[in-house]
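User: Please take one part of this model and look at it closely, then work outwards to whatever surrounds it. Keep it relaxed, but stay with the details.

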Amino acid sequence: MKIPKVFFLKTLSGAEHFAYNFVYEYSSEYIEGIIFAQSVESTDESGNLQLSGTEITLYVSRGFEKSSVPDTQYKDVDTACDMLINSGLQADIRYEQNENVQKDHVIYQSISPREKVNRGTNVIIYVSSGGNYDTYEEE
């Protein structure tokens, strides 16, 4: 009996003569439901082994792991970055002049709080550089 080569297949047609154990893992490479690895590897070019009754572990993608975007508004820039990183996200800092939000505190962010996104997503936080306190004299 041949062990069917099941990499990247969504179904196991023709593979009913083996015991299967499924392990579901998040993957940044494969969409949900794709079998991306198996415990018994092929030993010849055609992928055949004569191991009737063998238990095969199939690793199935759960898709991309999701994170909930934290609310960083009005937090100081260091705290906001820590919140994003601890949530599995990346922080990109942009400074803007703003007289209403304390200097070095977040004015707003590019992705709404509590939105579910893929881990590793880049969230832009717009941080106050303070107000424009320069005075201009008219001639």
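Analyst: E65 counts as partly exposed because its relative accessibility is 33%, and between 20% and 50% is the range for that label. Bear in mind that this is a predicted model. The side chain of E65 has a charged partner: it meets the side chain of R119 in a salt bridge, with 3.8 Å from N to O. With a cut-off of 4 Å for such a pair, that distance qualifies. R119 is partly exposed too, because its relative accessibility comes to 42%.

Now look at where the two ends sit. E65 is in the loop between β3 (55–61) and β4 (66–68), while R119 is in the loop between β7 (116–118) and β8, so this pair ties together parts that lie 54 residues apart in sequence. As a general point, side chains of opposite charge can pair when their charged atoms come close.

How many salt bridges does a search of the whole structure find? It finds two, and the other one joins the side chains of D92 and R94, at 3.0 Å from N to O. Both of its members are partly exposed: D92 because its relative accessibility is 21%, and R94 because its value is 38%. R94 also takes us into a sheet, since its bridge partner in β8 is Y126.

That sheet is worth a walk-through. It's an open one with three strands in the order β5-β8-β6, and the pairing is mixed. The edges are β5 (90–96) and β6 (106–109), each of which pairs on one side only. Neighbouring strands are turned by 30° against each other on average, if you ignore direction. Between β5 and β8 (residues 122–128), which run parallel, there are seven bridges. Helix α1 (residues 77–86) packs on this sheet and touches β5, β6 and β8, with its direction at about 170° to that of β8.

A good spot to see the helix and the sheet together is A91, which lies in β5. Setting aside neighbours within four places in sequence, A91 is in contact with C81, L84, N122 and V123. A91 is still partly exposed, because its relative accessible area is 32%. Its C-alpha atom is also separated by 9.4 Å from that of G120, 29 residues away along the chain.

From the other end of one of those contacts, C81 touches A91, I93 and I125, again not counting residues up to four places away in sequence. C81 belongs to the largest nonpolar core, which has 12 residues in all; among them are V69, V77, L84, V106, V123 and I125. Two elements, α1 and β8, give two or more residues to this core, and the largest share, four residues, comes from α1. There's also a second, separate core of five residues, including I35, V40, L58 and V60.

Back to the sheet, this time on the β6 side. Q109 lies in that strand, and Q109 is buried because its relative accessible area is 12%, under the 20% limit. What does the side chain of Q109 make a polar contact with? One partner is the side chain of T72, at 2.4 Å. Another polar atom pairing involves the backbone: the oxygen of I111 lies 2.9 Å from a polar atom of the Q109 side chain. Beyond its neighbours within four places in sequence, Q109 is in contact with V69, P70, D71, T72, Q73, V123, I124 and I125. Several of those names have come up already: V69, V123 and I125 are members of the 12-residue core.

Stepping back to the whole chain, there are one helix and eight strands, which follow the pattern β-β-β-β-α-β-β-β-β along the sequence. Buried residues make up 34% of its 139 residues. Of the contacts between residues at least 6 apart in sequence, 67% join residues at least 24 apart. The E65 and R119 pair we started from, 54 residues apart, ties parts of the chain together across that kind of separation.

Definitions and conventions. Residues are numbered from 1 along each chain as its sequence is written. This is a predicted model: local features need pLDDT of at least 70, side-chain atom pairs count only at pLDDT 80 or more; totals for chains, interfaces and linings use all residues. Side-chain values use heavy atoms; hydrogens and water are left out. Two strands pair if DSSP finds at least two bridges between them. Axes are lines fitted to C-alpha atoms, for helices over the stretch in contact, and angles run from 0 to 180 degrees between N-to-C directions. Contact means heavy atoms within 4.5 Å. Buried means under 20% relative accessible area, exposed over 50%, partly exposed in between (1.4 Å probe, protein chains only). A nonpolar core is a set of buried Ala, Val, Leu, Ile, Met, Phe, Trp, Tyr and Cys residues joined through side-chain atoms within 4.5 Å. A polar contact is a pair of N or O atoms within 3.5 Å; within protein, one must be able to donate a hydrogen and the other to accept it, and residues adjacent in sequence count only if both atoms are side-chain atoms.
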